[in-house]
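Subject: Structure handover

Hi,

Here is the structure I promised to pass on. Have a look at it first, and then read on for what turned up.

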Amino acid sequence: MKRYTLEAEGLEKSFGGVRAVQGVSFGLLPGEMLALIGPNGAGKSTCFNLLNGHLKPDQGRVKLLGHDITGLAPRKVWRRGVGRTFQITATFGSMTVRENVQLALMSHRHELARLWTPAWRLRGGQADTLLERVGLADQVARPCSVLAYGDLKRVELAIALANNPRLLLMDEPTAGMAPQERVGLMALVAEIARERGMSVLFTEHDMDVVFGHADRVLVLDRGRLIAEGNAEEVRNNPLVQEVYLGSGFEEAVAAC
Amino acid sequence: MENLLLQALNGLASASSLFLVASGLTVIFGVTRIVNFAHGSLYMLGAYLAFSIVTHLPRGHAGFWGGVLLAALAVGAIGALLELVLLRRIYRAPELFQLLATFGVVLVVQDLALLSWGAQDLLGPRAPGLRGSVELLGLRFPLYELVLIGIGPLVLGLLLLLFKCTRWGTLVRAATQDREMVGALGVNQRWLFTSVFFLGSLLAGLGGALQLPRESVNLHMDLAIITETFVVVVVGGLGSLPGAALAALLIGELHAFGILIFPKITLVLVFLVMAVVLVIRPRGLFGKAQVAQAAVASVAEPVLMRAPKQLKWLGLAALLGAAVAPAYLAGDYALIVLTDMAIAVLFAASLHFIMGPGGMASFGHAAYFGIGAYGAALLAKWFAAPMVPALLAAPLCAGLAGALFGFFCVRLSGVYSAMLTLAFAQIAWSIAFQWVELTGGDNGILGVWPDAWATKLHYYWLTLGLSAAGTLLLRRMAMSPFGYALRAQRDNALRAEAIGIGGFEFRWVAFVLAAAFAGVAGGLFAFAKGSVFPTALDIPRSVDALLMVLLGGVQTLAGPILGALAFTGLHEQLVRATDYWRLVLGGVILLLVLAFPQGLAGAVRQWWESKGRA
Amino acid sequence: MVGIGFGRRSVLGGVAALAAPKVGRAQAEALKIGEINSYTAQPAFLQPYRQAWTLAVEQVNAAGGIHGRPLQTVHRDDAGKPEDAVRHAGELINSEKVVLLAGGFLSNVGLALGDFALQNKRLFVASEPLTDAIVWSKGNRYTFRLRASTYMQCAMLVEEAAKLPAKKWALVAPNYEYGQSAVRWFKELLKAAKPDVEFVAEQFPALGRIDAGATVQALAASSPEAIFNVTFGADLTNFVRQGATRGLFERRAVVSLLTGEPEYLDPLGDEAPEGWIVTGYPWDQINTPAHTLFRDAYRRRFNDYPRLGSVVGYDTVQAIAALLRKANTTETEKLVDAMKGLNFGSVFGDVSFRAQDHQSTMGAFVGKTVLRNGRGTMVDWRYADGAKYLPSDAVVQTLRPAG
Ligand SMILES: Nc1ncnc2c1ncn2[C@@H]1O[C@H](COP(=O)(O)OP(=O)(O)OP(=O)(O)O)[C@@H](O)[C@H]1O
Ligand SMILES: [Mg+2]
């Protein structure tokens, strides 16, 4: 039996009449880079929200390192070692880049109940190291509210890495970046994942990124998983081709 | 039985009157998100204008109803004008800032009405043909009340039609539902806002004008109606017309029947209703979640900086200056004013802690100030406690109350949360007011003077010391990891949650801390004044705190300090300088609002930063 | 820019103003009185009060002042907040160096000032606050009160109420100390005078926010034979309108506190109720020499008729002038001693401040309301001398803390 980092079993979620996620099951191995792809509205973000607790599934379970975490609040899921980035970047606008990461580090170390020590004394160096790693060394003192979108994505990555996660969930991590930058960023993620033995689940519309870095690919359409396999298998799957018909998928695939 | 039925009709008549005013407020809020304190003033103007117009027109139906409509239209025009010349300029200011401007309007209108119509209550003419009453079930019921019962639903129907069947109405509904959409409107947005203000003000004016045959026209109408109107709007769900109608009905009927069972209930009934409704339904009866409200603050708050060296020295110098000032200023009065200012600074800073870093407005912060004051005073009075233990009790009592009330308030967001704080504050106020045996009721607790060892100067130093220490402590906490977590959940609740920061816990603790510090201010206040009255925790005091914070600027830690000093200083000077201090104070507030939409400290900061860049 | 300029200047100005009295003190020849009242909160009552105050001071000064020194008043607005009143009191005493404090309309403001007076050992002449506490339970050496208190006015009305055949009474009063005490005294005194009365309903609408229709209905539902009303101002107006339309007052006696005062009767215009037994002030019919003189002077000066507030303002100044003449000093302790038993000629006749409880014996007019020429006024009235409606010295002693 495999030791999965993450297991999803029969996840279901509806919004009113919309069945956003239907019977999604998959497993994620330690150190694995798994891509979740699918057209707009397929239910990818909803899946992410089910996995880290932002949404409660109508049915199904989520297991992390063998423990059931279904319905756990996101902050508790995070404490168990799940980092996450959002499709629409979510950072703290009233703080600098460094402070954003410091805060995540402090939270990880259970230092947030401290009322006396000034925050700037804590974890600044660690934050800078992380930020250097994601290529933001020269931006640390800038407020997040003035950053370019691509840089915000990097801040999010640094924040998500702050608790040494066993699992990283990345919802369109490279959206809004130049093509060159995208590949670079994903290479970096892959490198970190390898180093730390961290599993990564990511969604992405850029097929270069997907086929370049994913060990395995899941394809979601209208809430259902329709295909699973390595790049080659997915590329040649007729169902997948049908779903992506006319959406530039073929070209993207051809280019690989 | 007949009596009960008639009482139900009475409830309907009150509900109808209430709905007219509330409908205007809810429409305005729905679209513009402005907490319009001036709505009550528009209502009062409606009544006064109707009085003047109707008494000048020939008697008869045309004269009366024509006068009422003319008055309503005139008030609508005044509202549109307010939007054009005042509010339009400050839409980009931080949330709730517009409230400050509307409060300035309240002050100005109060004195203008006094100057224009005199101090004496005016009794308007009765509606022609509706002077008398009809016999219902053997009891007499005024005809005019029956007409009023009809007018409420009629206006509701017309408004619903307007919103359903016109393009303009569709825009209004869309804007109420989705903020982003308003931004996308571009030029049309201005037109939409102005027209909404016109309609909302017209409804307020109509509500006021229609009271003419019922009630005397007087200078207290504005404040008498405004809180109740807000309660109706919030209980109904912000922006919801049917909600406002239902809430008005609920409150009208509960009032009518409530006084049969417990006549003194009128003091708090509306607030009890609001508290219960909001605890059960956090967005009122019919309120919907905002589409674009999401979890993300709309305007990014500026980064909190560590104080530059110069500022630290300046602060220290100011503190030392304040400590030695009495030596250079004549007499005890300087001490009194300085003591008042020190208390105001701590009070404002405590409110700022939850409003700024916490991101929760409170319309009822006086509760904790007052509970602190009462805690200290009761201990001194009933247990003959010396001053120091009594002062220690103040933050304890206030903190406990903060823990209890805050537990419910911090679960809500935005204006709902602010109104729930108001509800609790009013409940606390009514206890202080009504529990005569314990608190002395509105005659208060007397003889709470400092111990013999504390001269006025000593007491001032004590106050200054505690105020400075409290303010610095609040500042330190805002800069601590806790403060960062607090701001994090304000900035982006989604992200905060995703890094282990639960909004509830941090907001709750912040609320308790803010309450405790307000309690310290309250305890100091009790001994400074020698007596405590329910005014220590009434709405005007909560509003004062709010004004100080907004005036100073909610986005900077120095804001509440500057705001408190400016506000108390201005008030102190103007009250002594002129009988029309409300007019002048209101005018000054309006000027400040227009000149410094970021607040005084915000303006200083901007100037400092631009200097740094140059 | 304009804004901050103003803000800064005003703060500095504040500091300068705090320091100013040093300069001004030397030339102060005038006897300064500090007067604090809720001007912006209660303008309807206090504008006539202030006018008459001004008139009285002018008259005193025109007649040569007090032993050659003119009277001067520094007025302050407490906006209805006791804590502001206390702050003003501090300013008036410390910066303005006033000889004594006066004023007060709201009971709680009066009590706060009284307590301040005790703490700071300064004389406070309360003009208007009606609460009994100010001379009894919270009475102190330094506080005196001019106007006939809640108790006194209730006692005057009970005398009339006891003569009525009515046994079942309903009561309506604003929900605050004044209303509550009025109801308490009325019940207590009436029960004592006429043991077989019953009180079948009580309504306590919030002050200034009466739900008149519902209140009237609730009172009517108890089918009382008579009604005792304590509401005033806007509440009264609304109560009267709803009550009249619904026939609440038909075939029922109504006894009503203060309703005969022009402040409250005049706004009712031609809807003023008829036949109510009230305390009040029939200004147009009192033709004693003192009152005629006052009324004429007031009309000449302000082109308006006096209200009861005018009498209170005018007589407060008269009392203070008499005190200063008698004591011929500005020392508080001596002033207080002189105030005890002080006699002065009020516009209602001779009045004295009782030594035992510091209450003046100023009375009130008791009569019936009537409509004349489209406005309410009083008929069958008499002047009820306050001295006759105060409890005996023995009782007062039990009501008042020693000192
Ligand atoms: N909170 C919600 N309420 C109602 N419907 C929702 C909600 N969130 C998602 N949906 C709906 O669920 C479906 C799946 O949405 P989801 O955001 O998961 O898609 P996605 O695959 O992430 O799309 P995209 O590539 O555009 O990000 C969509 O039809 C969407 O409209
Ligand atoms: Mg998505």
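Chains A and C do not touch each other: their nearest C-alpha atoms are 26 Å apart. Keep in mind that this is a predicted model. Two pairs of chains are in contact, and of these, chains B and C share the most contacts.

**Chains B and C**

On this contact, chain C puts in 77 residues and chain B 81 residues. How much area do chain C and chain B bury between them? The figure is about 6,900 Å², with 54% of it on carbon and sulfur atoms. In case you wonder about the choice of quantity, the accessible area lost when the parts come together is often used to give the size of an interface.

As for charges, there are nine salt bridges between chain C and chain B. One of them joins Glu83(C) to Arg541(B), where the closest N and O atoms are 2.4 Å apart. Polar contacts between these two chains come to 34 residue pairs, both partners being at pLDDT 80 or more. On the side of chain C that touches chain B, helix α1 (residues 2–19) of chain C gives the most, with ten residues. Sorted by class, that side of chain C has 28 nonpolar, 28 polar and 21 charged residues.

**Chains A and B**

Here 36 residues of chain A meet 32 residues of chain B. Chain A and chain B bury about 2,900 Å² between them, and carbon and sulfur atoms give 65% of that. Which residues of chain A lose the most area to chain B? They are Arg75(A), Ser94(A) and Leu115(A), together 23% of what that side buries.

Three salt bridges turn up across the interface of chain A and chain B. Among them is Arg495(B) with Glu156(A), again with a closest N to O distance of 2.4 Å. There are also 17 residue pairs in polar contact between chain A and chain B, both at pLDDT 80 or more. On the chain A side, the elements giving two or more residues are α2 (74–79), β6 (82–85), α3 (97–108) and α5 (149–161). The largest share, five residues, comes from α3(A). By class, the side of chain A that touches chain B divides into 19 nonpolar, nine polar and eight charged residues.

**Aromatics**

Over all chains, the search finds 42 aromatic pairs. One to pull up on screen is Phe482(B) with Phe506(B), a tilted pair at 5.6 Å centre to centre and 40 degrees between the planes. The pair links distant parts of the chain, 24 residues apart: Phe482(B) belongs to helix α19 (residues 481–491) of chain B and Phe506(B) to helix α21 (residues 503–529) of chain B. Both Phe482(B) and Phe506(B) are buried.

Chain B also has an aromatic cluster made up of Tyr368(B), Phe405(B), Phe407(B), Phe408(B), Phe424(B), Phe504(B), Trp508(B) and Phe511(B).

**A histidine in chain C**

One last residue: is His291(C) buried or exposed? His291(C) counts as buried because its relative accessibility is 0%, and the cut-off for buried is under 20%. His291(C) sits in helix α11 (residues 289–302) of chain C. Beyond its neighbours within four places in sequence, His291(C) is in contact with Tyr281(C), Trp283(C), Ile286(C), Val347(C) and Phe348(C).

Cheers

Note on methods
Residues are numbered from 1 along each chain as its sequence is written. Chains are lettered from A and ligands numbered from 1 in the order in which they are written. This is a predicted model: local features need pLDDT of at least 70, side-chain atom pairs count only at pLDDT 80 or more; totals for chains, interfaces and linings use all residues. Side-chain values use heavy atoms; hydrogens and water are left out. Contact means heavy atoms within 4.5 Å. Buried area is the accessible area (1.4 Å probe) that two parts lose on being put together, summed over both. A salt bridge is a side-chain nitrogen of Lys or Arg within 4 Å of a carboxyl oxygen of Asp or Glu. A polar contact is a pair of N or O atoms within 3.5 Å; within protein, one must be able to donate a hydrogen and the other to accept it, and residues adjacent in sequence count only if both atoms are side-chain atoms. Helices (H or I, at least four residues) and strands (E, at least two) are DSSP runs, numbered from the N terminus. Ala, Val, Leu, Ile, Met, Phe, Trp, Tyr, Cys and Pro count as nonpolar, Asp, Glu, Lys and Arg as charged, and the others, Gly among them, as polar. Rings of Phe, Tyr and Trp (its six-membered ring) pair if their centres lie within 6.5 Å; planes under 30 degrees apart count as stacked, over 60 as edge-to-face and the rest as tilted. Buried means under 20% relative accessible area, exposed over 50%, partly exposed in between (1.4 Å probe, protein chains only).
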